Amino acid sequence: MKGSQDRIIIFDTTLRDGEQSPGASMDVHEKVLVAKQLEILGVDKIEAGFPITSPGDFDAVQAIAGEIEKSSVVGLCRAKDEDIQAAWGAIKDARKPCIHTFIATSDIHLKYQLRMSQDEVLKSVEHSVSLSKSLCADVEFSAMDATRSDWDFLADVYTVAIASGAGTINVPDTVGYTNPQEFFNLITHLKKKVKDIEKAVISVHCHNDLGMAVANSVSAVMAGARQIECTINGIGERAGNTSLEEVVMIFNVRKDLYGVTSNIDTTQIYPTSRLITHITGIPVQPNKAIVGANAFAHESGIHQDGYLKERSTYEIMTPEAVGLGTSSLVLGKHSGKHALSKRLEQLGYRLDDKDVKKVFKRFKEIADKKKEIFDEDIEAIVLEEIYRVPDKYVLKNIVVNSGTVVVPTATVQLAVDNKLIQEAGFGNGPVDALYKTIIRMAGFDVELKSFTVKAITGGTDAQGEVTIELTDKGRTAVGQGSDPDILVACARALVNAMNRMEFLKTRQRSDAPHL
Ligand code: KIV
Ligand code: ZN
């Protein structure tokens with residue numbers, strides 16, 4: 001096979017299924033930033049949200065539709081008129097809008113959740129896809145829980161969807177139940193049984209409950225699927241979704257085996273992964289393929305020896321290929337804006353002049369405290385200065401006293417809605433004093449769920465990166481902060497988490513359908 005048949009459409013659902021990961025809520029501003037980065041990454045379709053679920057989701061999808069130029073902007077909806085109208089309302093101004101409508105097809109879902117017969121489902125598919133098509137030229141239909149559905153019924157469902165105007169038929173493994181061989185056979189079955197299947201793109205959407213989401217997606221491509229739904233870092237409902245970076249690099253590294261390509265600029269993978277970690281607060285496990293901290297680290301003596309003689313002995317792809325800079329140029333306090341701007345570009349960040357100036361300002365502050373500024377430091381600055389929620393709370397100054405003979409005390413200056421307030425408080429240690437004082441000043445009644453500190457680079461002058469997770473009546477907000485002074489990093493992370501909690505409070509998920 002040659003030509004466009006060989007290109008896999010990358011459908012990114014980080015902003016929709018990814019956002020369903022516990023604690024991963026993003027506000028409109030953050031979603032637009034992510035969408036813009038996904039476009040730079042080169043994804044074909046961005047599933048921006050599920051507009052009927054809340055006014056916040058509707059606004060975010062609409063804002064993304066107004067900003068994105070090259071990628072399609074997809075709005076999700078159940079097979080219900082009001083959902084479809086809401087999705088269309090949110091995406092209609094996009095350059096390339098796409099309605100994605102779905103209904104469950106497995107016996108379990110029909111019996112217990114939908115309480116519908118198979119005939120009723122078929123009618124609903126015909127109606128919802130036709131209505132979607134009357135509004136939007138690009139329609140995708142998904143049969144939820146496809147892999148646990150009756151295969152012949154599923155073929156009938158997709159036949160009706162295509163006849164009603166669906167250009168893409170998606171086969172979700174909603175509960176991560178199938179395996180690569182079975183999924184291959186299912187796609188093969190559908191190719192034989194669904195009428196006019198060649199008129200539609202076959203898409204797959206896999207969950208990772210048994211750790212097989214990526215393998216199942218690859219297997220579906222081998223059987224003829226040409227769209228993969230996936231998320232950055234594999235985040236998503238429960239155990240997550242197919243990881244974008246893994247499927248993309250599988251096809252990239254093993255072109256010889258699969259003979260398919262994608263439109264992804266692989267050098268943008270790492271900056272995108274870091275952006276998602278920063279915004280959602282969901283860390284990437286160190287041994288995660290492609291984007292984990294150890295993905296390119298060679299530890300054993302034999303491996304290091306071989307690697308130093310010839311990289312390809314133990315390296316099947318280079319870190320540079322996925323955008324992990326291995327720069328020999330270390331910046332410091334004498335470096336100018338031009339050098340920083342060049343380094344930002346090499347690291348994959350496309351910032352306008354205004355943003356470069358913001359990064360430069362913070363760069364200079366850090367360079368005053370720390371002799372050498374590494375790529376990881378620059379990345380932390382970008383994430384904090386550029387990709388952060390608009391602030392209700394702004395940390396102005398802190399002074400912390402601690403040691404063997406004093407009671408740990410923190411004095412904090414905070415701007416709340418532009419009004420400056422100042423207070424002092426005690427604690428069991430300097431972090432505790434700081435935390436209690438800031439929380440009290442903001443009038444928060446929250447629980448600290450987790451608190452982690454790590455050094456971004458080596459050395460005692462390394463920046464500390466602090467991640468704080470707060471919970472309040474079932475809501476979880478994550479904040480991150482970094483600074484060479486670990487207490488400043490703590491305060492920055494806490495204030496960031498508070499700003500995110502504020503946002504979550506304003507975002508009511510009414511009677512939101514949750515997938
Ligand atoms: O997992 C699932 O079935 C979904 C559908 C909406 C595609 O997320
Ligand atoms: Zn899903």
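A salt bridge is taken here as a side-chain nitrogen of Lys or Arg lying within 4 Å of a carboxyl oxygen of Asp or Glu, and by this rule the count comes to 37 salt bridges. The structure analysed is a predicted model. Side chains of opposite charge can pair when their charged atoms come close.

Three of these pairs may be described individually. In one of them, Glu-245 and Lys-288 meet through their side chains with an N to O distance of 2.9 Å. The pair links distant parts of the chain, since Glu-245 belongs to helix H9 (residues 244-253) whereas Lys-288 is found in the loop between H11 and helix H12 (301-309), 43 residues apart. Glu-245 is buried because its relative accessible area is 1%, under the 20% limit that applies to buried residues, and Lys-288, with a relative accessible area of 9%, is likewise buried.

A second salt bridge joins Asp-145 to Arg-148, with 3.0 Å between the closest N and O atoms. Asp-145 has a relative accessible area of 0% and is therefore buried, while Arg-148, with a value of 29%, is partly exposed.

A third pair is formed by Lys-436 and Asp-432, whose closest N and O atoms are 2.8 Å apart. Both residues lie in helix H16 (residues 430-442), where a spacing of 4 residues corresponds to about one turn of the helix. Lys-436 is partly exposed, with a relative accessible area of 40%, and Asp-432 also counts as partly exposed, at 22% relative accessibility. Elsewhere, salt bridges that share partners connect Lys-361, Arg-362, Glu-365, Lys-369, Glu-384, Glu-385, Asp-483 and Arg-492 in one network.

The largest pocket of the model has a volume of about 1,100 Å³. Its lining comprises 47 residues, and those nearest the centre of the pocket are Tyr-270, Arg-274, Ala-293, Glu-379 and Lys-454. At least two lining residues are supplied by each of helix H11 (269-280), helix H15 (375-385), S12, strand S13 (464-472) and strand S14 (475-483). Among the contributors to this lining, H11 gives the most, with 6 residues.

Strand S12 (residues 447-455) also takes part in a nonpolar patch, to which it provides the largest share, 3 residues. The patch lies on the surface and is formed by Val-431, Leu-448, Phe-451, Val-453 and Ile-486, which together have about 350 Å² of accessible area. Val-453 is located in strand S12, and its relative accessibility of 40% is the reason why Val-453 counts as partly exposed, a class that falls between the limits of 20% for buried and 50% for exposed residues.

A buried nonpolar side chain is illustrated by Leu-190, which counts as buried because its relative accessibility is 1%. Leu-190 has its place in helix H7 (residues 180-193). When residues up to four places away in sequence are not counted, Leu-190 touches Trp-151, Leu-154, Ala-155, Tyr-158, Val-171 and Ile-197. With respect to Gly-66, which is 124 residues away along the chain, the C-alpha atom of Leu-190 is separated by 36 Å from that of Gly-66.

Note on methods. Residues numbered from 1 in each chain as written. Chains lettered and ligands numbered in written order. Predicted model: local features only at pLDDT ≥ 70, side-chain atom pairs only at ≥ 80, totals over all residues. Heavy atoms only, no water. Patch = residues over 30% accessible without salt bridge, like charges linked within 9 Å, V, L, I, M, F, W, Y side chains within 5 Å. Areas by Shrake-Rupley, 256 points an atom, 1.4 Å probe, with all protein chains shown as cover. Buried < 20%, exposed > 50% of the residue type's maximum accessible area, 1.4 Å probe, protein only. Contact = heavy atoms within 4.5 Å. 1 Å grid on protein atoms, 1.4 Å probe; cavity = no way out; pocket = protein on both sides within 12 Å on 5 of 7 lines; lining within 4 Å. Points joined across faces, edges and corners; volume = space filled by probe spheres on them.
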